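Colleague: Could you take me through one part of this model in detail? Pick a single strand and tell me how it sits among its neighbours.

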Amino acid sequence: MHPTPLVPERDGWLVTHCAPFLGPGETLRGALPVRLDPLAPDTVPKAHRRPKPAAEQQARFTGWQRIFLPVTFVMWLVSLPAGLLEAGARRTWRGFRRIFRGPVWAGGWESAAGRFVVDARTGTAEVAGYDHTRLALAVTDRRLLLLTEPTLPEREAAQLLGAVPHGGYGLRREPHPQRHRGRVDLAFADGSWLALDVPDRRQVPWLGELLTAGRPG
């Protein structure tokens, strides 16, 4: 498709960071940072979370830190009302925006799109949360790779979060609203789909071209 990988100039680090995940003879066609749509699920329901024992163990109070547990409890109790108010306001705002933005994914948590969201939001094993956001996509002649986007690529390597084989993904055929100029809809072979947000709108055609190559026949 491309004699050289289709990668934004400022994100050339993706070429070297993708190399460890390529199989023998596998060719990188292109890669770029992405995000899930702003109204895509922003965390993973507990029923679908994958255990991360090391991160969860590290997050617990251990040893002498338990001495400060009463202080921590008081601080949590004081901040609880503000936290609930903030969460309620956020849900209301997202619901209001959803009315005008329309659907941004379909298929449910057991679908390929749902599993893709789980992979994206789960992030790396050493982080306890399930609200990861920094992502990159890499398309090879065999697969679609979901990677982390390091904050400092020169110091931290990208990690592989998931992969979809060629023929199992593509560009959604139904067009999304034209006003969503930074949006690209990723479709899967089971009929599920998910909206992606491209930070640089000039790269939307690039991603569309790359995803079309992996569309089921």
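Modeller: Here is a close look at strand S8 and its partners, with a word on the chain around it. Bear in mind that this is a predicted model.

First, the setting. The chain has five helices and eight strands, and from the N terminus on they run α-β-α-α-β-α-β-β-β-β-β-β-α. Of its 217 residues, 39% count as buried. Take the contacts with a separation of 6 or more: 65% of them come from residues 24 or more positions apart.

Now S8 itself, residues 193-197. This strand is mostly covered, with four of its five residues buried. It pairs with S7 (residues 183-188) in the antiparallel sense, over five bridges, and there Leu186 has Leu194 of S8 as its bridge partner. The two strands make a hairpin, with four residues between them. Look at Gly191 in that turn: its phi is positive, about 95°.

S8 has other partners too. Strand S1, covering residues 28-36, runs antiparallel to S8 and is joined to it by two bridges; Leu36 stands opposite Leu196 there. Then there's S2, just residues 105-106, which also pairs with S8 in the antiparallel sense over two bridges. In that pairing, Ala106 is matched with Trp193 of S8.

If you carry on along the chain from S2, have a look at helix H4, residues 112-122. H4 is mostly covered as well, with ten of its eleven residues buried, among them Phe116, Val117, Asp119 and Arg121. Just after H4 comes Gly123, with a positive phi of about 70°.

Conventions. Residues are numbered from 1 along each chain as its sequence is written. This is a predicted model: local features need pLDDT of at least 70, side-chain atom pairs count only at pLDDT 80 or more; totals for chains, interfaces and linings use all residues. Side-chain values use heavy atoms; hydrogens and water are left out. Buried means under 20% relative accessible area, exposed over 50%, partly exposed in between (1.4 Å probe, protein chains only). Contact means heavy atoms within 4.5 Å. Two strands pair if DSSP finds at least two bridges between them.
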